[in-house]
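Let's take a walk through a small protein fold together. Have the picture open as you read, and follow along with your finger.

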Amino acid sequence: MEPQIIRPGQLTAEQTRQMLGVSAGALRNLVYRGHLTRSSGTERHPYYAVPDVTALVLKRRQRAAA
């Protein structure tokens, strides 16, 4: 597999899934429902902005703590 080169401040789908602790299907659902948007990449290999992912992680942690 060819190594991915991405711009600073972006995460691959795999990195995003690891941060959120979700499956690939759950990540697709988050995008479909508008909780997270792709910042660049392709349809098959999307990239997500670090601030967007971090905000979603914090939101999910707050919701879990409540």
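Below, we start with the overall layout, then move to the sheet, and end up in the core.

One thing to keep in mind is that this is a predicted model. The chain has three helices and three strands, and if you start at the N terminus the elements come in the order β-α-α-β-β-α. How far does the trace stretch? Its C-alpha atoms span about 40 × 20 × 20 Å along the principal axes. For 66 residues, a compact globule would have a radius of gyration near 11 Å, and the chain has 12 Å, so the two agree. Of those 66 residues, 26% count as buried. The chain exposes about 5000 Å², and carbon and sulfur atoms supply 53% of that area. Take the contacts between residues at least 6 apart in sequence: 52% of them join residues at least 24 apart.

Now find the sheet. It's an open one with three strands in the order β1-β3-β2, and the pairing is antiparallel. That leaves β1 (10-12) and β2 at the edges with a single partner strand each, so one side of each has no neighbour in the sheet. Helix α1 (residues 13-20) packs on this sheet, touching β1 and β3, and its direction makes about 90° with that of β1. Strands of a sheet pair through backbone hydrogen bonds, in either a parallel or an antiparallel way.

Let's look at each pairing here. Between β1 and β3 (residues 46-49) there are three bridges. Leucine 11 stands opposite tyrosine 48 in β3, while threonine 12 has tyrosine 47 as its bridge partner in that strand. On the other side, β2 and β3 pair over two bridges, and together they form a hairpin with four residues between them. Which residue of β3 is the bridge partner of serine 40? It's tyrosine 47, the residue that also partners threonine 12.

What about the two faces of β3? In a regular strand, side chains alternate between the two faces of the sheet. In β3 both faces are covered: Pro46 and Tyr48 are buried on one side, and Tyr47 and Ala49 are buried on the other.

Next, the core. In soluble globular proteins, nonpolar side chains tend to be buried together. The largest nonpolar core here has 11 residues: Leu11, Leu20, Val22, Leu27, Leu30, Val31, Leu36, Tyr48, Val53, Leu56 and Val57. The elements that give two or more residues to this core are α2 (24-32) and α3 (50-65).

Is leucine 36, one of the core residues, buried or exposed? Its relative accessibility is 1%, so leucine 36 counts as buried. You'll find leucine 36 in the loop between α2 and β2 (40-41). Leaving out residues up to four places away in sequence, leucine 36 touches Thr16, Leu27, Leu30, Val31, Tyr48, Asp52, Val53 and Leu56. Take aspartate 52 from that list: leucine 36 and aspartate 52 are 16 residues apart in sequence, and their C-alpha atoms are 6.9 Å apart in space.

Another contact of leucine 36 is threonine 16, which sits in helix α1. With a relative accessible area of 0%, threonine 16 is buried too. Beyond its neighbours within four places in sequence, threonine 16 is in contact with Leu11, Leu27, Leu36, Tyr48 and Val53.

Finally, try valine 22, another member of the core. Not counting residues up to four places away, valine 22 touches Arg17, Leu27 and Arg60.

Technical notes. Residues numbered from 1 in each chain as written. Predicted model: local features only at pLDDT ≥ 70, side-chain atom pairs only at ≥ 80, totals over all residues. Heavy atoms only, no water. Core = buried A, V, L, I, M, F, W, Y, C linked by side-chain atoms within 4.5 Å. Buried < 20%, exposed > 50% of the residue type's maximum accessible area, 1.4 Å probe, protein only. Contact = heavy atoms within 4.5 Å. Pairing = 2+ DSSP bridges. Axes fitted to C-alpha atoms, helices over the stretch in contact; angles between N-to-C directions. Rg over C-alpha atoms; globule rule 2.2 N^0.38 Å. Areas by Shrake-Rupley, 256 points an atom, 1.4 Å probe, with all protein chains shown as cover.
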